[in-house]
Structure formats: structure tokens, C-alpha cells
Amino acid sequence: MPGWIALAALLTLLCTAFLLVCVFAAGQPGTAGLWDVAMIDGYSALFALFQMFFLTGRPLDRPQYEGKFFLRLHEYTAYLILLLVIAHVIGSVWAEPLLWRDIWPPVLPVMQTGVFASLLLVILAVVSQPRWKLAVFCNARIFRYCHYGLAAALLCATGLHAWQADFRMAAPALTFSLIGMSVLTLAVPLLVQALPVQGRRGEKRLRNTAGLAIPVVVTLGCIGLLVPILCAVWLDR
């Protein structure tokens, strides 16, 4: 099986399991179709954000693809998170138009953390562009540290937003699980960075594989948008 297909299948399995646990573990009934879809879209964005701390753009042993594949995978996943956040916000406001009063200006704590996380996401997406890296950061090392710091703040703000929203998170086990996953996720890039880079003799990475990141992210996006719909249909049956 080609490496990108195996990676897409793994992300599909993990994302589906994550969403099913978030939606059904608390045993709460559904509220309204569009509202449920919008809220679960937020969990899809959270999973994609978790994934970016594991697939940081650094080449992995498997699949044996060139470094550009992993960089593009990281970059395109960021665009996917933007799409999922847009779907989350538009769906929420569409389902409850009065919510706009709480978003702008943000008067509730849950909205303040949501707006703050959205601003951090936009900032990260902009300053990570190649044309802005040299203008904002002096070198790659400074960029790497600042990028991780902003991403860590984004993950914390997103997790806090999810906890404050309290959408299907009533069970204490889910809250502690979310905290544990966040701590583990924040530690992964630091642990990976501390590991020595070990080259494999006799194995060459496949060239011209950067484009294979597109179907992987598209697959994850389809799961992130389709599973919330199916879950909402099941809850509102």
C-alpha cells in the first residue's frame, strides 16, 4: 500500500474515533441539526490541530517521501483548520443568529477565547508564508521557536474554548482526557526535536512526492466535514 494511502487511512481512523468519543461519550441528546454540525466541526478543527503537532513538517521514517511532502502536509492541514473554523463559526451564527452579538465584540469568556484562538490561527497562517518569514523573523531558528510558541498558545486557547463551550463535555473523564491530550501534544515536538536525526543507509526517499500531501489532507477534510453531519443526523433521529 502506498505510504500516502496508509497515512490517510490512519488519520481517517483517528479522526473518526476522536469525533465519536467527543460526541457520544457523554451520552447527551442532540440539540439542533445545524448547531450540532457546527459544534462538531469545531472538534474536527481541534483534531487537525492536534495532528499538526505530530506531523510537524519534519520527515518521518515512514512514508519514505521527500521532506517537501511533510512540509506541504503541515501547510495544507493549516488551511484545512481555517476551513473548519469558518464552517464552525458560520454554522453557529446561522443556527443561532443572536450569537453574533456575543462574538463581536466578544462579551462572554467562551467567545473571547474563541476569537483569540481565531486571531492566533490567522496570524500563524500569515507569518508562516515564505514571503513573511524573512520579513518577520531573522532566521529559521527564531521562526521555529516563535512558531511553536504561537501554536502552543493556539492549542491552549482552543482547548479552553472547547471546555468553556461545554458541548458534550459534561463528563469529567472527557475534560481530563482533553487536558491530557493537550499536554502530550505540546510535548511531542519538543521530544522529537531532542532526538538525533538518524539517516537510513541504503534507503532513498522518493522524489516528487510533495503533491501527494493534497489527497491526504483532502481525505482528512472530507472526514472532518462528513462525520459531523452523520453524527448530527444520528443525534437528531
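A residue counts as buried when its relative accessible area is under 20%. By that cut-off C15, at 1% relative accessibility, falls among the buried residues of this predicted model. Across the whole protein chain, buried residues account for 39% of the 237 residues.

The fold itself is quick to describe. The protein chain has nine helices and zero strands, so reading along the sequence just gives α-α-α-α-α-α-α-α-α. As for overall dimensions, the C-alpha trace spans about 55 × 40 × 30 Å along its principal axes. A compact globule of 237 residues would be expected to have a radius of gyration near 18 Å, and the protein chain agrees, with 18 Å. Contacts tell their own story: taking those with a separation of 6 or more, 83% link residues that sit 24 or more positions apart.

On the outside, the accessible surface comes to about 13400 Å², and carbon and sulfur atoms make up 72% of that. The protein chain carries 16 positive and 10 negative charges, and the mean positions of the two sets lie 18 Å apart.

Back to the cysteines. A disulfide is a covalent bond between the sulfur atoms of two cysteines. Searching the whole structure turns up zero of them. For C15 the reason is plain distance: the closest cysteine sulfur belongs to C22 and is 9.6 Å away, which is too far for a bond, given that a disulfide needs the two sulfur atoms within 2.5 Å. While C15 is buried, C146 is partly exposed, with a relative accessible area of 32%.

Helix α3, which covers residues 67–95, offers two residues to look at in detail. One of them is T77, which is buried with a relative accessible area of 0%. Setting aside neighbours within four places in sequence, T77 is in contact with A48, Q51, M52 and V217.

H88 also has its place in helix α3. At 16% relative accessibility H88 counts as buried, because the cut-off sits at 20%. Again leaving out neighbours within four places in sequence, H88 is in contact with A38, M39, D41, G42 and H161. As for L19, which is 69 residues away from H88 along the chain, the C-alpha atoms of the pair are separated by 14 Å.

Definitions and conventions
Residues numbered from 1 in each chain as written. Predicted model: local features only at pLDDT ≥ 70, side-chain atom pairs only at ≥ 80, totals over all residues. Heavy atoms only, no water. Helix = DSSP H or I, 4+ residues; strand = E, 2+ residues; numbered from the N terminus. Rg over C-alpha atoms; globule rule 2.2 N^0.38 Å. Buried < 20%, exposed > 50% of the residue type's maximum accessible area, 1.4 Å probe, protein only. Contact = heavy atoms within 4.5 Å. Areas by Shrake-Rupley, 256 points an atom, 1.4 Å probe, with all protein chains shown as cover. Lys, Arg positive; Asp, Glu negative; His and termini not counted. Charge placed at Lys NZ, Arg CZ, Asp CG, Glu CD.
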